[in-house]
Amino acid sequence: MANAERMEAQLKALSLISEQGEEGTTRLSYTPEYRKGADYIKKLMEEAGLTVREDAAGLVWGLLPGTDPDAPKLISGSHLDTVRCSGFYDGQAGIICALEAARMIKESGKPLKGDFEVVAIPMEEGARFPNLTGSKLAAGVLKEADLDLVKDTEGTTLREAMLSYGLTGKLDGVDRSKEKVKAFIELHMEQGTLLEDEGIDLGVVDGIFGCYWKTITVRGEVSHPSTPMAKRKDAGLAACRIVSDLSEHVAKNYVGKATVTCGKMDFHPGEINAIPSRAVFSVDFRSGDKKNFDELDAYLAEKIAQVEKDYRVKVEQEVFSNTPPTPNTPAIMNALTTGAKNLGLKSAVLPSGAGHDTMIFAKIWPTGMIFIPSHEGYTHSPREYTDPRNLANGADLIAEAIRILDAQ
Ligand code: GLV
Ligand code: MN
Ligand code: MN
């Protein structure tokens with residue numbers, strides 16, 4: 001069975017590999033902290049007896065070879081990057097549990113037919129580069145030419161960031177879309193409270209909500225606070241109007257169907273005594289139904305037209321990232337449900353409200369996701385927590401489901 005204490009200790013060690021001075025863990029992709037985190041994962045993989053490879057995009061793969069080179073591969077893992085001031089389970093628990101599963105399979109002395117690989121993925125969070133960029137590279141969704149087009153929040157291209165991280169700036173061997181893979185399984189915190197509230201050990205995820213992200217720029221005119229209210233072109237006020245009306249609209253008309261969040265807003269020149277000439281803010285829509293994104297886009301366009309007129313500003317929109325809602329594969333869900341039953345654990349089928357690399361791998365491979373309970377649902381927060389017993393249950397289920405799928 002999985003060793004809960006070992007996994008918790010590994011996650012705590014990872015939590016310290018962080019930018020300093022902020023609350024919680026901050027490990028953005030391709031930074032010196034990310035390098036230290038990746039090196040730590042490599043060390044754990046080596047200690048577990050896996051063959052370690054870092055690919056040209058910085059994904060770290062740990063291989064446990066199977067007995068039949070023609071059998072399809074099985075893969076499990078998650079992301080190693082964090083948002084700023086994060087907890088240390090989001091993403092990271094999926095890597096550590098997959099690693100524990102690989103260790104258990106190896107130590108059982110009963111090898112699999114197919115290769116089993118554990119993966120640690122960068123750039124899932126969107127805290128630096130658009131979300132899901134690491135899995136998009138591995139799935140061949142992003143190509144070599146995109147390395148000069150995809151930029152981080154500071155305008156650094158993906159290629160520049162890769163070079164400064166010590167990679168080649170090329171993508172040789174990164175695209176795995178042509179390989180025969182039976183399942184990609186990702187374990188993650190639930191990031192909600194259904195499992196904890198209902199006393200359920202594990203969740204089997206049927207579908208993942210889409211994430212639709214935009215960057216909106218409002219342009220007005222800078223001037224002194226003595227300017228009469230009616231004469232202003234206040235980009236800041238116009239931005240606040242858009243966010244506030246959009247949020248109210250979603251809160252009123254999309255209960256249980258969609259959410260909207262503005263997590264970032266900057267004013268230029270950003271002085272206490274200057275009316276902002278420019279406001280730039282983010283919009284994050286989530287929904288299980290793409291139709292809601294289309295409707296909300298239409299509402300946003302109408303709102304922008306109205307605000308341009310009322311506040312005498314100009315507004316530009318740019319899509320930062322757009323991933324539609326994604327179902328998981330029924331055969332993998334069945335293996336997870338059967339696996340939980342074999343282990344004597346209570347499971348339930350539920351959707352994921354958060355985005356995951358699984359959404360991208362679902363384009364090329366059969367996929368499944370395991371949720372473990374999130375204490376009080378905290379996530380993207382240093383208060384994120386799960387009992388070590390849940391980590392052990394999750395690792396046991398990865399190993400059990402991998403065995404079931406390998407035998408099919
Ligand atoms: C990933 O954490 C997301 O933003 O859903
Ligand atoms: Mn996250
Ligand atoms: Mn995550």
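A residue counts as buried when its relative accessible area is under 20%. By that yardstick, histidine 79 and aspartate 90 are both buried. These two residues are a handy way into the metal site of this model, which is a predicted one.

Take the manganese ion listed as ligand 3 to begin with. Its protein donors are His79 through NE2, Asp90 through OD and His188 through NE2, and they lie 2.0 to 2.2 Å from the metal. Read along the chain, these donors of ligand 3 follow the spacing H-x10-D-x97-H. Histidine 79 belongs to strand 3, which covers residues 73-79, while aspartate 90 sits in the loop between strand 3 and helix 3 (92-108), so this pair ties together parts that are eleven residues apart in sequence.

Aspartate 90 does double duty here. It bridges the manganese ion (ligand 3) and the manganese ion (ligand 2), and the two ions lie 3.4 Å apart. Turning to ligand 2, its coordination comes from Asp90 (OD), from Glu125, which is listed twice with OE, and from His380 (NE2), at 2.1 to 2.7 Å. The donor residues of ligand 2 are spaced D-x34-E-x254-H in sequence. Glutamate 125 is found in the loop between strand 4 (116-121) and helix 4 (133-138), and histidine 380 in the loop between strand 14 (367-372) and helix 11 (388-407), so this pair ties together parts that are 255 residues apart in sequence. As for cover by the protein, glutamate 125 counts as buried because its relative accessibility is 8%, whereas histidine 380 is partly exposed, with a relative accessible area of 40%.

Next come the charges away from the metals. On the surface, Glu196, Asp197, Glu198 and Glu376 gather in a patch of negative charge. One of these, aspartate 197, lies in helix 6, which covers residues 194-198. Aspartate 197 counts as exposed, since its relative accessibility is 56% and the cut-off for exposed is over 50%.

Opposite charges pair up as well. Side chains of opposite charge can do this when their charged atoms come close. The count comes to 23 salt bridges. In one of them, the side chains of aspartate 148 and arginine 159 meet with 2.8 Å between N and O. This pair links distant parts of the chain, with aspartate 148 in the loop between helix 4 and helix 5 (158-164) and arginine 159 in helix 5, eleven residues apart. Aspartate 148 is partly exposed at 39% relative accessibility, but arginine 159 counts as buried because its value is 18%.

Helix 8 (residues 290-311) holds lysine 290 and aspartate 294, which are four residues apart, or about one turn of the helix. They form a salt bridge in which the closest N and O atoms are 3.1 Å apart. Lysine 290 is partly exposed at 44% relative accessible area, and aspartate 294 is partly exposed too, at 42%. Glutamate 295 and lysine 291 also meet in a salt bridge, at 3.4 Å from N to O. Those two are four residues apart in helix 8, so about one helical turn separates them. Glutamate 295 has a relative accessible area of 35% and lysine 291 one of 47%, so each counts as partly exposed. Elsewhere, salt bridges that share partners join Arg35, Asp39, Lys42 and Glu54 into one network.

Terms used:
Residues numbered from 1 in each chain as written. Chains lettered and ligands numbered in written order. Predicted model: local features only at pLDDT ≥ 70, side-chain atom pairs only at ≥ 80, totals over all residues. Heavy atoms only, no water. Donors = N, O, S within 2.8 Å, 3.2 Å for Na, K, Ca; no water. Buried < 20%, exposed > 50% of the residue type's maximum accessible area, 1.4 Å probe, protein only. Patch = residues over 30% accessible without salt bridge, like charges linked within 9 Å, V, L, I, M, F, W, Y side chains within 5 Å. Areas by Shrake-Rupley, 256 points an atom, 1.4 Å probe, with all protein chains shown as cover. Salt bridge = Lys/Arg side-chain N within 4 Å of Asp/Glu carboxyl O. Lys, Arg positive; Asp, Glu negative; His and termini not counted. Charge placed at Lys NZ, Arg CZ, Asp CG, Glu CD.
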